[in-house]
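Morning, everyone, thanks for coming. I'll go through this one fairly quickly, so stop me if anything is unclear. Have a look at the screen first.

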Amino acid sequence: SHLGGEDFDDCLVNCFAQGFKRNNDKDLFTNPRALRRLRTACEHPKRTLSSATQTTVEIDSLYEEIDFKSVLIRTRFEDLCSDLFRLTLWYPPRSL
């Protein structure tokens, strides 16, 4: 399969959803609307972290009137997506 931006979004969505569940005892994966809003919000940090060292993800009333806010630093993003980054380095030589 191919590797794309959605794969990085998935890493962030999973991380943030797990944190939300840990902090609020609410599972975002049971609510498609909340999950879609989180996924949309996770597209922004990828662009921001290419030129900044940190960014904030904020969503008002994400789930059952609970607001979501998380600061994401570039090193944390790199750790979360390290497997994907390794794959991007692996694909080009293999395709030649």
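**A walk from the inside out**

Let's start with Phe-77, which counts as buried because its relative accessible area is just 7%. Before I go on, please keep in mind that this is a predicted model. I'll come back to Phe-77 in a minute, once we have the general layout.

So, the layout. How many helices and strands are there in the protein? There are 5 helices and 2 strands. Following the sequence from the start, you read α-α-α-β-β-α-α, with the two strands flanked by helices. The protein has 96 residues, and 31% of those count as buried. The accessible surface adds up to about 6500 Å², and carbon and sulfur atoms make up 47% of that. One more overall number: take the contacts between residues at least 6 apart in sequence, and 54% of them join residues at least 24 apart.

Now the rings, as promised. The structure has 4 aromatic pairs. One of them is Phe-8 with Phe-77, a tilted pair with 6.4 Å from centre to centre and 35° between the planes. Where do the two partners sit along the chain? Phe-8 is in helix α1, residues 5-24, and Phe-77 is in helix α4, residues 74-80, so to speak 69 residues away. Phe-8 is buried too, because its relative accessibility is 12%, and we've already had the 7% for Phe-77.

The next pair is Phe-20 with Tyr-63, and this one is edge-to-face: again 6.4 Å centre to centre, but with 85° between the planes. Phe-20 belongs to helix α1 and Tyr-63 to strand β1, so this pair ties together parts that are 43 residues apart in sequence. Are these two buried or exposed? Phe-20 is buried, at 2% relative accessible area, and Tyr-63 is buried as well, at 10%. These two also belong to a bigger group: Phe-16, Phe-20, Tyr-63 and Phe-68 form one aromatic cluster.

Phe-68 takes us to the strands. Strand β1 covers residues 54-63, and it pairs with β2 in the antiparallel sense over 7 bridges. If you want a spot to click on, Gln-54 has Ile-73 of β2 as its bridge partner. Which way do the side chains of β2, residues 66-73, point? They alternate: Ile-66, Phe-68, Ser-70 and Leu-72 face one way and are buried, while Asp-67, Lys-69, Val-71 and Ile-73 face the other way and are not.

On to some backbone oddities. Most residues other than glycine have a negative phi. Glu-64 isn't a glycine, yet its phi is positive, about 50°. Glu-64 is in the loop between β1 and β2, and that hairpin has 2 residues between its strands. Glu-64 counts as exposed because its relative accessibility is 51%, and the cut-off for exposed is over 50%. The other one to look at is Ser-61, again not a glycine and again with a positive phi of about 50°. Ser-61 is placed within strand β1 itself, and with 28% relative accessible area it is partly exposed.

Next, helix α2, residues 32-41. Here Ala-34, Leu-35, Leu-38 and Ala-41 are buried. Looking down the axis of α2, those buried residues fall within an arc of 125°, so they line one face of the helix. Turn to the other side of α2 and you find Pro-32, Arg-33 and Arg-36, which are exposed.

Last stop, and I know somebody will ask about cysteines. How many disulfides does the structure hold? The count is 0. Why don't Cys-15 and Cys-42 form a bond? The closest cysteine sulfur to that of Cys-15 is the one in Cys-42, and at 8.7 Å it is too far for a bond. For scale, a disulfide here needs the two sulfur atoms within 2.5 Å. Both cysteines are buried, mind you: Cys-15 has a relative accessible area of 17%, and Cys-42 is at 0%.

That's the tour. If you take one picture home, make it the cluster of Phe-16, Phe-20, Tyr-63 and Phe-68. Thanks, and over to you.

Methods
Residues numbered from 1 in each chain as written. Predicted model: local features only at pLDDT ≥ 70, side-chain atom pairs only at ≥ 80, totals over all residues. Heavy atoms only, no water. Buried < 20%, exposed > 50% of the residue type's maximum accessible area, 1.4 Å probe, protein only. Helix = DSSP H or I, 4+ residues; strand = E, 2+ residues; numbered from the N terminus. Pairing = 2+ DSSP bridges. Phe/Tyr/Trp six-rings, centres within 6.5 Å; stacked < 30°, edge-to-face > 60°. Contact = heavy atoms within 4.5 Å. Areas by Shrake-Rupley, 256 points an atom, 1.4 Å probe, with all protein chains shown as cover. Arc of directions from axis to C-beta.
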